[in-house]
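Visitor: I am new to this structure and would like a close look at a single part of it. Could you start from one residue and then work outwards to the rest?

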Amino acid sequence: MTDPIVFAEGLRKSFGDVQALRGLDLSIPRGRVCGVLGPNGAGKTTAVRILATLSDPDAGHARVAGYDVVRQAGEVRARIGLAGQHAAVDEKLTGRGNLRMFGRLSHLSRRAAHRRADELLERFGLTDAADRQVAGYSGGMRRRLDLITSLILRPEVLFLDEPTTGLDPRSRGEIWDSVRELVADGTTVLLTTQYLDEADRLADDIAVIDQGRVIATGTPDELKATIGDRLDVVVEDPAALRPAATVLTTLAGTAPATMDADRLSVVLPGGLRLADVVRELDRSGVAAADVRLRRPTLDEVFLRLTDRKEPVR
Amino acid sequence: MTALTPPADHRLRWTLIDGLTLVGRELGRLRQNPGELIAALIFPAVMVVLFGYVFGSAIQVPGGGNYREYLMPGLFAMVTFSAVMGVMVRVATDASRGVMDRFRSMPMARSAVPFGQTGADSLTGLLSLAIMVGAGLLVGWRPHRGLVPTAEAFLLITLLRYALSWAGVYVGLVVKNDQIADQMVPLFFPVTMLSNAFVPTGGMPGWLRFLADWNPVSALTAASRDLFGNPGAPSGHLTWPLAHPAATVLLWSAALLVVFVPLSVRTYRRRGR
């Protein structure tokens, strides 16, 4: 049993009248990738800024790699990397020039900074572009450079704040590959993202944030399990839709979530098997063209969790 | 696990090294953008020609003498003042593009960033001063009083530039937005014009003359004219700053440094945006 490498408790932060964080708790074990999800304005970025020592919380406390982010900020900074929308590179320098400069500023010797720059460029496939000015890089290359700049000191914890926002699918894939490589090295990653498929593919654990608080945590599968599997039924004859709905309502205990001309979809409670459904439909004389069980997507989980039906307190 | 506070001399050493790395960054940028460098260097030369021959063709130097000899100290002072704008734009660009946040998230010395930015500006300042001197010599400007006063003049110019660049750091940190900073650049132009750099202040209306006389640009211009032995020494009843221009430059530099060094360092360190 080891202490979590990122630990936050009761973090609060307000900007004027806006409460960005209202008691955020977070705990990430070493070597895991934690995806922090939340709608815009949920407090993701504020949380990252506090954990990366860019901003002080109004209340609560946080430790990263064993050090307090407020009182021992220097120790934290020596052990973290930050990339994404809030850390950037100098567009007027070359890729190599940036890595060497940030290497020196990380207090590597001149030789070590040069060697580390070459290593990182090689490993993340930027050697060809290394001596070109960053202003001429594509969006994907720039993000990759931004990402590897945060790896100069082999951070124990890497904060990636929306690392692929605005990138084309291929560039996103390249960033994902890079992140997977880091994780294989044992780096702990905190990733914020608006793309749920990104979290689904990269994250071991997910924390869903809404209105400055964590409202759900778990692995992607655990989160999906909380809203149950979905059953899609396609009928051959549209007239059979109504009897089919009746059967499914009886079985599932709730009315179908969606109903189109020839198909309907219902959330299944645990314990109900596909075979039971098919047998019941048969018994009622419904000719089903297709009966399919599927896991919910993370999008469905997310929408369900962040659906603001209750008034904001 | 306890946080180690590095000993003071260690910290100072890293502040220096980090500052020098940031000065080196400026060199790297200039190397990558030779066009920008050339433009930055040509600008002062163009000013020499423009003011020296266009205005110079119609302006009488008070007390007689060559207008271009009269003009050069004013242009030195004007270019010196441009340090405020240059540094402000660079700092604001770093702040808005996230480069500043990367610096802040790194274990580097905290005061190194403002020190590095002002150091980098001194470097470009020396380059542009050298070009100005070359252009001045070409159009007939000469220092007449020998080595020591000439060196003193250049020292005053460099000192005031360094002090002004700290004001630039502060404004850049407060503005935090490169577009706003760019739009603010023209606002500084009147400050340089509201001085004795191009015309004597004696003929200005009283309130304007007061501002012009206390303008550091005026003090630097007057001090340089005196130390270079160029024409245009103000005569008649003089306000204190123009009677003691070198002392005024020193006072201005000290005041700017005393105010803006701590203010900039504190603003850079402040977290919680």
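Guide: A:Val278 is found in helix H10 of chain A, which covers residues 274-283, and the model in which we see this helix is a predicted one. Because 13 other C-beta atoms lie within 10 Å of its own, A:Val278 counts as partly exposed, whereas a residue would need 20 or more such atoms to be called buried. Along the chain, A:Val278 and A:Val233 are 45 residues apart, yet in space their C-alpha atoms are 9.7 Å apart.

A:Val233 leads on to a nonpolar core of 12 residues, among them A:Val233, A:Leu241, A:Val277 and A:Leu281. This core lies apart from the largest nonpolar core, which has 138 residues and in which A:Leu51, A:Val64, A:Phe159, A:Leu190 and B:Met88 are those with the most contacts. The largest share of that 138-residue core, 19 residues, comes from helix H3 of chain B, residues 67-97. To take one of its well-connected members, A:Leu51 touches A:Val6, A:Ala8, A:Ala62, A:Val64, A:Val69 and A:Phe159, when residues up to four places away in sequence are left out.

The domain division helps to place these parts, since chain A is divided into domain 1, residues 6-224, and domain 2, residues 228-295. The centres of domain 1 and domain 2 of chain A, taken over C-alpha atoms, are separated by 44 Å, while the C-alpha trace of chain A as a whole spans about 80 × 45 × 40 Å along its principal axes. Chain A holds 11 helices and 14 strands, and of its 313 residues 44% count as buried. Among the contacts in chain A with a separation of 6 or more, 67% are between residues 24 or more positions apart.

Some of the strands form an open sheet of 4 strands in chain A, with the order S2-S1-S4-S5 and antiparallel pairing. Its edge strands are S2, residues 18-28, and S5, each of which pairs on one side only. Strand S1 of chain A, residues 6-15, runs antiparallel to S2(A) and is joined to it by 8 bridges; as one detail of this pairing, A:Phe7 has A:Ser27 in S2(A) as its bridge partner. In general, the strands of a sheet pair through backbone hydrogen bonds, either parallel or antiparallel.

Chain A also meets chain B, in a contact that takes 28 residues from chain A and 23 residues from chain B. On the side of chain A that touches chain B, the elements that give two or more residues are helix H2 (73-77), strand S6 (80-84) and helix H3 (95-105) of chain A. The largest share of that side, 4 residues, comes from H3(A), and by class the side has 11 nonpolar, 11 polar and 6 charged residues.

A last point concerns how far the predicted model of chain A can be read in detail, for which its confidence values serve as a guide. The mean pLDDT of chain A is 88, with 96% of its residues reaching 70 or more. Confidence in chain A is highest in strand S5, residues 67-68, at a mean of 96, and lowest in strand S12, residues 258-259, at a mean of 76. Over residues 309-313 of chain A pLDDT stays under 50, and for these residues the model has 1 contact beyond four places in sequence.

Methods
Residues numbered from 1 in each chain as written. Chains lettered and ligands numbered in written order. Predicted model: local features only at pLDDT ≥ 70, side-chain atom pairs only at ≥ 80, totals over all residues. pLDDT = per-residue confidence, 0-100. Contact = placed C-beta atoms within 7 Å. Nonpolar A, V, L, I, M, F, W, Y, C, P; charged D, E, K, R; others polar. Core = buried A, V, L, I, M, F, W, Y, C linked by C-beta atoms within 7 Å. Pairing = 2+ DSSP bridges.
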